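This report introduces a structure to a reader who has not met it before. The sequence and the model are shown below.

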Amino acid sequence: MELSKAVNSSTTIKKEKKYSPLRELLKNWKKQKNALWASLFILLLITVAIIGPFIAPYDPYKPDYNAMLQGPGIDHIAGTDEYGRDIFSRLLFGARISLTVSFLSVFLGAIGGTILGLLSGYFGGWLDRLIMRSSDVMFAFPDILLAIAIVAILGPGLTNVVIAVSIFSIPSFARLVRSSTLEAKETVFVEAAKSMGASHFRIMFQHILPETLGSLIVFISMRIGTAILAASSLSFLGLGASPETPDWGAMLSLGRDYLGTSTHVVMMPGIAIFLTVLAFNIVGDGLRDVLDPKTKNE
Amino acid sequence: MEKLLQVEKLETQFTKDKQKIKILHGVNFHIHQGEVLGLVGESGSGKSITSLSIMKLFKGTSGEINSGRILFNGDEDLINKSETEMRKIRGKQIAMIFQEPMTSLNPVMKIGEQLLEPIRLHLGLEEKKAKEHAVSILKKVGIPRAEEIMNEFPHQLSGGMRQRIMIAMAISCNPQLLIADEPSTALDVTIQAQILDLMKQLQQKEKMSVLLITHDLGVVAEMCERVVVMYAGRVVEEADVFDLFESPKHPYTKGLIASVPKLGQKKEKLDSIKGNVPNPSELPKGCKFAPRCNDVMPICYEQEPPELNLENARSCSCWLYKEERGGIRV
Amino acid sequence: MLKSYRAKGFFRKGLLTVLQYIIKRIFEMIPILFIVSILIFFFTHLIPGDPARLVAGKDATFEEVATIREELGLDKPIWEQYVTYMGNLFQGDLGTSLKTGLPIMDMFVDRFMPSIYLTLFSMVWALVIGLLIGTLSAVFKNKWPDYLGMVSAVSGISLPGFWLGLILIQIFSVQLGWFPTGGADGWKSYVLPSLTLGAGIMSMLARFTRSSLLETLKADFIRTGRAKGLKESIVIPKHALRNSLIPVVTIAGLQFGFLLGGSVVVETVFSFPGMGRLLIDSISFRDYPVIQAELLLFSIEFIMVNLVVDILYSYLNPKIRYTA
Amino acid sequence: MSKTLLKVTGLKKSFSIPAGMFEKKKLLKAVHDVSFMIPEGKTFSLVGESGCGKSTTGRLISRLIEPGDGEIWLDGEEISQKKEAQLKGMRKKVQMIFQDPYASLNPRMKVRDIVAEPLTIHTNLSRAERYKQVSEILEVVGLSDYHANRYAHEFSGGQRQRIGIARALIMKPKLIIADEPVSALDVSIQAQILNLLKELQAEFDLTYLFISHDLSVVEHISDHIGVMYLGTIVESGPKEVIFSNPQHPYTKALLSSIPIPDPKLRRERIILQGDLPSPVNPPAGCRFHTRCPVAMDICKGTEPPVKPGETAGHFVSCHLVE
């Protein structure tokens, strides 16, 4: 009698919650305080990028020669530029440009790189050598220089910036995915799947790709930061967005002549770029802690 | 015989995600001068943590000693020693060998450099003398071409050789106590035999005390004079090696010995211990072994058994041996 | 006596394998350089616009343009142009600028060294400070030096270089007047550009050093060192740092490319008379012989740096040094 | 005498390993002329130290790696040269159990999907039918439906190994290749798994190829044993013969090296000197001669032939044996 009671009390101490990877992820994500704030900031940016045109107080293209180079104030919270255009409105529009350009170019690069890296790592042999040697050649050009070269050929413009940035992203993604594919390929559970007679397709997509996702997501988030910096550098150099576009880099480029007199013209877009890139980097760091098993338990 | 090391009510805990997890729950045992003591247990029993606690090697981990005493050489309590004082003991009076010979040596330093470190530090020998000493130690642990090996890197040597180097490093300053944490587990059987043989010889020649930590009952039977069995961060049984294998007292020890396949034993079915090794953060109430025990009694689920002294200087923590609880077999 | 000879023999063997390794790497570089040169050559020819027309000017007649085209050898098939170009290249002739009509070699002479100094200064301070911050952060993990170091590092990689440059100019040149706003005369003019250019790399190296060192500190041999009774002030530099430098060196090499690219932006911000600014000027003028020569030079530089890194890596890692 | 399920003759495999510049590629001779057979319903164990080629042999037979030379007859069919597409039948008949129960189960899949994977690959059963079979087989290995809807890493080593066994059983295979299935487990759990494997063998008439370095485990589970050293089987035969009357000096040394869990049986051991030679440069002649305590001159030059021993099914490769 006493015994069975004791047994019951010891085996039913607690009814643990059922494990689910998503819940685990959310639980760990909440522990990443900085990353949580940074991801909220990014969500806000995305919202702004979508609804920006509706909430912008002024037309970002319309010059106002009565209000040139005004400092931040009640009428213009971020001041105005040399044509009297409202900087805050331009920043809102710029968020849409920056996010579109960086998301598009990183996703294009990520998709291309992932496919190449997966094939290269999984099949090895001549395919691997071909893909890796080509990426070696690409790596012979420093990142931004490659983008500059591509834009030099294609001509300036935002579309070409997207193409340039995605092309220079491909080899990095390919290498990343290849190395985690090689790692995953050596795992015993992949061997187990092979021993069961699983097809290449099943092994690649059921067993290997999920293994690479963690580091891929981390890299994507870091890469978006890089892409924003690269795109704005190109615009700054006059190789990206045309000067009248409310692109953050282009705004900075125009504003530099007024740096001495109206600092805000340069400060505002600079802060926007800095905070956005910072947010993506912090989110990347947080994701690394959550997703990358190597740095877990730190 | 005099006691070289006395561990009393040692409690050690780790912190994970701001939660404190106790790994050792009051560990008691002692080692005599010149004795080989086996510390046996399965994964999670806390045997390795016990050795790290003795050395206070917690830097870089969240481990800390909560309470207890670790008396070394009579009345020196290691727990009260500062880090500086501990450094003078580590490698000099108490030395340690680890399980993984492949990763326990620094891959970018020559063997000689690594071997000379403790010799210079603790013995204060000048360059030439230190080198001579190092070479003589290498020869002592059976390393051929000792002078050449001094200039080689770890990755040029086999696992067995690296473990010999680790042993050489450990005995280079004539320690009173050698803690060997699974020294032969990662090695092949024939190499394991070499290493165990070497350790036995050195122990007898140098009159060191050895604390041998292992999960392998075969190694224990072969090497040790006395044995301490650990389960879930506690010592459950302590006895002379012959007594322990002849008549194990604790149901866990009994189960452990019975579940090992033995050469020449014709048995269709092995005796096994039911259930699983418990996770240190989810221990049951009362006796930690109760859910897996064949002789479990109601009290086992309620209260932890005290450590009971039995005849032949052995002890056992089990309610079976408390007479007023109806314990029957002694 | 015999013993010491043997030991020396071993050392020589190590040296020999390093030499072998270098030769092997140089051989591997050749096809890559070759392909890179082809790519650059053909891609620069894809740049829209007629160079002959550019040289001749807007008002030139059709005949004039044709003559110039012939002079420049642009009427020949592109393969032939490439062979001629490579032939000239091996004789040290990089071609002539369309814009200035000067030999490109002469244009590079004045600009090459300032750019090299700029990248080297940036790399050196970034390495020193990056390693220092990374090491301190790892040693004082989760204490204030770590937080401070890592906050500045993550900010450093998020700062747009051109913006940082502009702000530095505003503060230190315009307001305080400590340094010139541009040019390349004397060490003072290198300070702000190097600071700007190195900030990103410094931050990356600091982050990487930290994580690499933390990883190494978890290794078994660190515990062995502590069990020997070694002080932390020996364990960390002698045992841990040496091991964690191996991956840091690789990363530093890759980041050098980032520096070369970044120099284009920074030179533009600081009106620095170097290779990077020349590139941007040439692009806006479509001065494709210059673009071509620049790209080739940059990629050779980058490949060379990676070679040096590989050699350094093989030196730091005895596993490579002693296995062949 | 029962039918032979697996017969391996003259199996060889070398791997080329990267070499420095100006050097020829090196060959690592992992398996060098291995032959043995397993009667249906019996257990054959390959035992040896690291680098002896026992795991490679298992992987060759399961066609995870391409055999270099030799024949593999499974259930009357030669499978060593078949293409992957032709191996469907063999893949159903042969299943594997792996050493590391933590690594061999995909951490991102639920237990029931892991166990059902062979069915997903080889059959057209509906999901419901697959899961029904999964819960039946889980019960057989001592788990329950409670485990099916969870992820493998929520369980302990022993339970995970049971999941691995369930996955191997679900296709009702004839041959199970178990590569060190208990060496990663705690002692008290090892016994559970060994008992389970024995029970399952009786219940489903399974044939085991058991690969292990642990002679005590091997003795417990096997009918026949092959002792491997540097890619070759140096001695093979019925368990009783190998353990009570070993002929090869390596087998003797190996048996003598095992620490016996009984302090009363402490004994003088044969301790082999030196390290295992590298399979990249195996010694000429008898591969064991560099460490053999009774080596003769002939051993250095001539590889010993396989000679039958006194008992039926006992074979030894040693110049000393007449």
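Along strand β4 (residues 69-74) of chain D, which side chains are buried and which are not? The side chains alternate: G70(D), I72(D) and L74(D) are buried and point to one face, whereas D69(D), E71(D) and W73(D) point to the other and are not buried. Here buried means under 20% relative accessible area, exposed over 50%, and partly exposed in between (1.4 Å probe, protein chains only). Helices (H or I, at least four residues) and strands (E, at least two) are DSSP runs, numbered from the N terminus.

The model is predicted: local features need pLDDT of at least 70 and side-chain atom pairs count only at pLDDT 80 or more, while totals for chains, interfaces and linings use all residues. Residues are numbered from 1 along each chain as its sequence is written, chains are lettered from A and ligands numbered from 1 in the order in which they are written, and side-chain values use heavy atoms, with hydrogens and water left out.

**Partners of β4(D).** Two strands pair if DSSP finds at least two bridges between them. Strand β1 (residues 4-17) of chain D runs antiparallel to β4(D) and is joined to it by five bridges; in β4(D), E71(D) has T9(D) opposite. Strand β5 (residues 77-78) of chain D is also antiparallel to β4(D), with two bridges, and E78(D) in β5(D) stands opposite W73(D). Two residues lie between the strands in the hairpin of β4(D) and β5(D), where D75(D) takes a positive phi near 50 degrees.

**Positive phi in loops.** Most residues other than glycine have a negative phi. Two lysines with a positive phi are set out below.

| Residue | Phi | Loop | Relative accessible area |
|---|---|---|---|
| K56(B) | about 50 degrees | between α1 (47-55) and β4 (64-72) of chain B | 19%, buried |
| K172(D) | near 50 degrees | between α6 (157-169) and β7 (175-179) of chain D | 56%, exposed |

**A residue of chain C.** L39(C) is found in helix α1 (residues 2-45) of chain C. L39(C) counts as partly exposed because its relative accessible area is 31%.
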